[in-house]
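Please work through the following exercises with the sequence and the model side by side. Each task sentence is followed by a solution in steps.

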Amino acid sequence: RDCLGTMLRNIHQIKGHVSSLFLAEYTDKLLLLDTGCTTDVARVQQFITEKLNRPLADLKLVVATHAHPDHFGGAHLWQTKHSIPVATVPGSSRWYRGIKGYVQHRMDITLARIVHKTLGSGYKVIPLLVLPFVMVHTMVHPRPPLWYPTAFQTTYQLSQDTKTTLPLFPDWQAVPASGHTNHMVVLYNAEAGILYASDLFIAPPSGKLRAPIPLEFPDEWYSTLERLPKDCPNTSRVLLAHGGDVAVKDSLLDRLERLVTRHKANHKLGWQFRLLNYIYPLNTKEVKEHRALTKRGAGPVEQ
């Protein structure tokens, strides 16, 4: 997919541990749209050096859209081990605060491990059988598989409230997109008509857009989806961490409106996913404070 714009040459999709990773290629630099899990760092490095035949030093920026394992998990390795700048929003370092935050972090890692087993096995029953063992192991092990530090200072901070032009990549903007978490951003390239939606919504094999799991702040998610076509008006391609590269054949606004309508009508997602969405949120310190601020009419406070 060449000639996407005067600067952007190509978008490469890399199969990650639990999600799709997207690498934007330029003549003189590379941009990674989300860090991937800790295990994905070596996978992306291999792709750059062997498939593209370019030095890892060409990777000039890695963006972490929110704090979940497959989007923030590799941030510390990219920045500390490989000295590659990472950009994220301030809320990422606060997401797992407190005792409940610690438990939530371990639950998120457990979920990522189960999703990986689902993708690898092709059978949905296997994760249900191994879930208790994976949960116990993740909770008691000091550093279980996919573990990553929850709070550290990244090179660049993106705004949670307004659009932010990415450092070193002026053709990309970080667009606030809360709902799945209180601090998420999506990435938009107006010139190329590309929207990297992370997992603001997902696209299973059925083709219908779905809500992410978990959905911590439904009302904010509805507002984000209603605002998104205005913030990203020239979108012709949507890149999804869980769904891949999706061409927008009809109006993006129409598709998102249908998604909101289905979700508000309690659209059937499957009993496993509905159950998970009810029991998964732990009402952590960050979630409680954000809901209190929202109730008072204030937005998230950047620190």
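The exercises below concern a predicted model.

**Exercise 1. Describe the open sheet and identify the strands that stand at its edges.**

Step 1. The open sheet is formed by 6 strands in the order 1-2-3-4-5-6, and the pairing is mixed.

Step 2. An edge strand has a single partner strand, and this applies to strand 1 (8–15) and strand 6 (156–157), so one side of each has no neighbour in the sheet.

Step 3. Within the sheet, strand 4 pairs with strand 5 (residues 86–88) in the parallel sense, over 2 bridges. Val62 has Val86 in strand 5 as its bridge partner.

**Exercise 2. Determine where Pro85 is found and which residues Pro85 touches beyond four places in sequence.**

Step 1. The loop between helix 3 and strand 5 contains Pro85.

Step 2. Not counting residues up to four places away in sequence, Pro85 touches Lys60, Leu61, Val62, Thr155 and Tyr156.

Step 3. A C-alpha separation can be added: Pro85 and Thr154 are 69 residues apart along the chain, and their C-alpha atoms are separated by 7.4 Å.

**Exercise 3. Analyse the largest nonpolar core and state which element gives the most to this core.**

Step 1. The general background is that nonpolar side chains tend to be buried together in soluble globular proteins.

Step 2. In this model the largest nonpolar core has 29 residues, and those with the most contacts inside it are Leu23, Leu32, Val44, Ile48, Leu59, Val62 and Trp78.

Step 3. Two or more residues of this core come from each of strand 2 (20–26), strand 3 (30–33), helix 1 (40–51), strand 4 (59–63), helix 3 (75–81) and helix 4 (98–121). Helix 1 gives the most, with 4 residues.

Step 4. Val44 serves as an example: leaving aside neighbours within four places in sequence, Val44 is in contact with Ile14, Leu21, Leu32 and Trp78.

Step 5. Another core, of 26 residues, lies apart from this one; Leu200, Ala211, Leu225 and Cys232 are among its residues.

**Exercise 4. Decide whether His105 is buried or exposed, and list its contacts outside the local sequence.**

Step 1. His105 has its place in helix 4.

Step 2. The relative accessible area of His105 is 3%. Buried means under 20%, and His105 is therefore buried.

Step 3. Beyond neighbours within four places in sequence, His105 is in contact with Tyr96, Trp147, Tyr148 and Thr150.

**Exercise 5. Examine the backbone and accessibility of Leu146 and Leu168.**

Step 1. Most residues other than glycine have a negative phi.

Step 2. Leu146 is not a glycine, yet its phi is positive, at about 75°. Leu168 likewise has a positive phi of about 75°.

Step 3. Leu146 is found in the loop between helix 5 (125–140) and strand 6, whereas Leu168 lies in the loop between strand 7 (164–166) and strand 8 (169–176).

Step 4. Leu146 counts as buried because its relative accessibility is 6%. Leu168, at 46%, counts as partly exposed.

**Exercise 6. Characterise the second largest cavity by volume, lining and residue class.**

Step 1. The structure holds 2 cavities of 30 Å³ or more, and the second largest contains about 50 Å³ of space.

Step 2. The second largest cavity is lined by Phe201, Leu209, Val238, Val246, Ala247, Val248, Leu252 and Arg255. Strand 12 (244–247) and helix 7 (252–264) are the elements that give two or more residues to this lining.

Step 3. Sorted by class, the lining comprises 7 nonpolar, no polar and 1 charged residues.

Terms used: Residues are numbered from 1 along each chain as its sequence is written. This is a predicted model: local features need pLDDT of at least 70, side-chain atom pairs count only at pLDDT 80 or more; totals for chains, interfaces and linings use all residues. Side-chain values use heavy atoms; hydrogens and water are left out. A nonpolar core is a set of buried Ala, Val, Leu, Ile, Met, Phe, Trp, Tyr and Cys residues joined through side-chain atoms within 4.5 Å. Buried means under 20% relative accessible area, exposed over 50%, partly exposed in between (1.4 Å probe, protein chains only). Contact means heavy atoms within 4.5 Å. On a 1 Å grid over the protein atoms alone, a cavity is a set of points where a 1.4 Å probe fits but cannot get out, and a pocket is an open set with protein on both sides within 12 Å along at least five of seven lines; lining residues have an atom within 4 Å of a point. Grid points are joined across faces, edges and corners, and a volume is the space filled by probe spheres set on the points. Ala, Val, Leu, Ile, Met, Phe, Trp, Tyr, Cys and Pro count as nonpolar, Asp, Glu, Lys and Arg as charged, and the others, Gly among them, as polar. Two strands pair if DSSP finds at least two bridges between them.
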